[in-house]
Amino acid sequence: MEKVQFDVPLNSNSRETIWDVVGTTEGMSAWLADNISEENGIYTFAWGKNETRQAELVSRRLKHYVRFHWLDDNPKTYFELRINQSELTHNFSLEVTELSTEEDAEGLQQLWEAYTERLHRRTGI
């Protein structure tokens, strides 16, 4: 297994605003996928007209983090979006972590960089 992890500085001083963008289906649909829906704890992520993946919400702490597992992936894999705040500066960042198979890990850093660029562009945070 390979862990891809990095922090993205955010342009917001409000944990609630950040949570609305990274911890809700509506917010994540603005940057992580074209559409995200939830039914009975299973989230369907859709990109374009034909690409979809389903994920199970593994754990969540309101206004702190969400962790998902792709249903079509190795049972030990996950991706997590965690809101961090610096004790020194009080600035917020988004910590992105994905535990995946080694063959998938190579492209994940670039994929998440593209997603977080969309996060900044589309939401302003």
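**A short tour of salt bridges, a hairpin and a charged patch**

Hi everyone, let's start with one residue: Asp73 is buried, because its relative accessible area is 19% and the cut-off for buried is under 20%. Please keep in mind that we are looking at a predicted model.

So what does Asp73 form with Arg53? The two make a salt bridge, and their closest N and O atoms are 3.8 Å apart. This pair links distant parts of the chain, since Asp73 sits in the loop between β5 and β6 while Arg53 belongs to strand β4, 20 residues apart.

Arg53 has another partner as well. It forms a salt bridge with Asp72, where the closest N and O atoms are 2.7 Å apart. Arg53 lies in strand β4 and Asp72 in the loop between β5 and β6 (78-85), so this pair ties together parts that are 19 residues apart in sequence. Put the three together, and you get Arg53, Asp72 and Asp73 linked in a network of salt bridges.

Now, is Asp72 buried or exposed? Asp72 is exposed, with a relative accessible area of 56%. Arg53 counts as partly exposed, at 24% relative accessibility. And Asp73, where we began, is buried.

How many salt bridges does the model have? The count comes to seven. Let me show you one more of them, between Glu16 and Lys63, with the closest N and O atoms 3.8 Å apart. Glu16 lies in helix α1 (residues 15-22), and Lys63 lies in the loop between β4 (51-61) and β5 (65-70), so the pair ties together parts that are 47 residues apart in sequence. As for their surroundings, Glu16 is partly exposed, with a relative accessible area of 42%. Lys63 is partly exposed too, and its value is 30%.

Next, please find the hairpin. Strand β2 covers residues 35-39 and strand β3 covers residues 42-47. The two run antiparallel, and five bridges join them. If you want a pair to look for on screen, Glu38 stands opposite Tyr43 in β3.

What separates the two strands of this hairpin? Two residues lie between β2 and β3. Asn40 is in that turn, and its phi is near 55°, a positive value in a residue other than glycine. Is Asn40 buried or exposed? Asn40 is exposed, with a relative accessible area of 74%.

Where else can you look for a positive phi? Try His90, which is also a residue other than glycine and has a phi near 70°. You will find His90 in the loop between β6 and β7 (92-100).

My last stop is on the surface. Which residues form the negative surface patch? They are Glu2, Glu102, Glu103 and Asp104. The largest share of this patch, three residues, comes from helix α3, which spans residues 102-123. Glu102 lies in that helix. Glu102 is exposed, too, with a relative accessible area of 55%.

Before we finish, here is a little route you can follow on your own screen. Begin at Arg53, Asp72 and Asp73, the network of salt bridges. Then go to the hairpin of β2 and β3, with Asn40 in the turn. Finish at the negative patch, where helix α3 gives the largest share. Thanks for listening, and I'm happy to go back to any of these places with you!

Technical notes
Residues are numbered from 1 along each chain as its sequence is written. This is a predicted model: local features need pLDDT of at least 70, side-chain atom pairs count only at pLDDT 80 or more; totals for chains, interfaces and linings use all residues. Side-chain values use heavy atoms; hydrogens and water are left out. Patches are made of residues with over 30% relative accessible area and no salt bridge: like charges are joined within 9 Å, nonpolar side chains (Val, Leu, Ile, Met, Phe, Trp, Tyr) within 5 Å. Accessible areas come from the Shrake-Rupley method with a 1.4 Å probe; for residues, only the protein chains shown count as cover. A salt bridge is a side-chain nitrogen of Lys or Arg within 4 Å of a carboxyl oxygen of Asp or Glu. Lys and Arg count as positive and Asp and Glu as negative; His and the chain ends are not counted. The place of a charge is taken as NZ of Lys, CZ of Arg, CG of Asp or CD of Glu. Helices (H or I, at least four residues) and strands (E, at least two) are DSSP runs, numbered from the N terminus. Buried means under 20% relative accessible area, exposed over 50%, partly exposed in between (1.4 Å probe, protein chains only). Two strands pair if DSSP finds at least two bridges between them.
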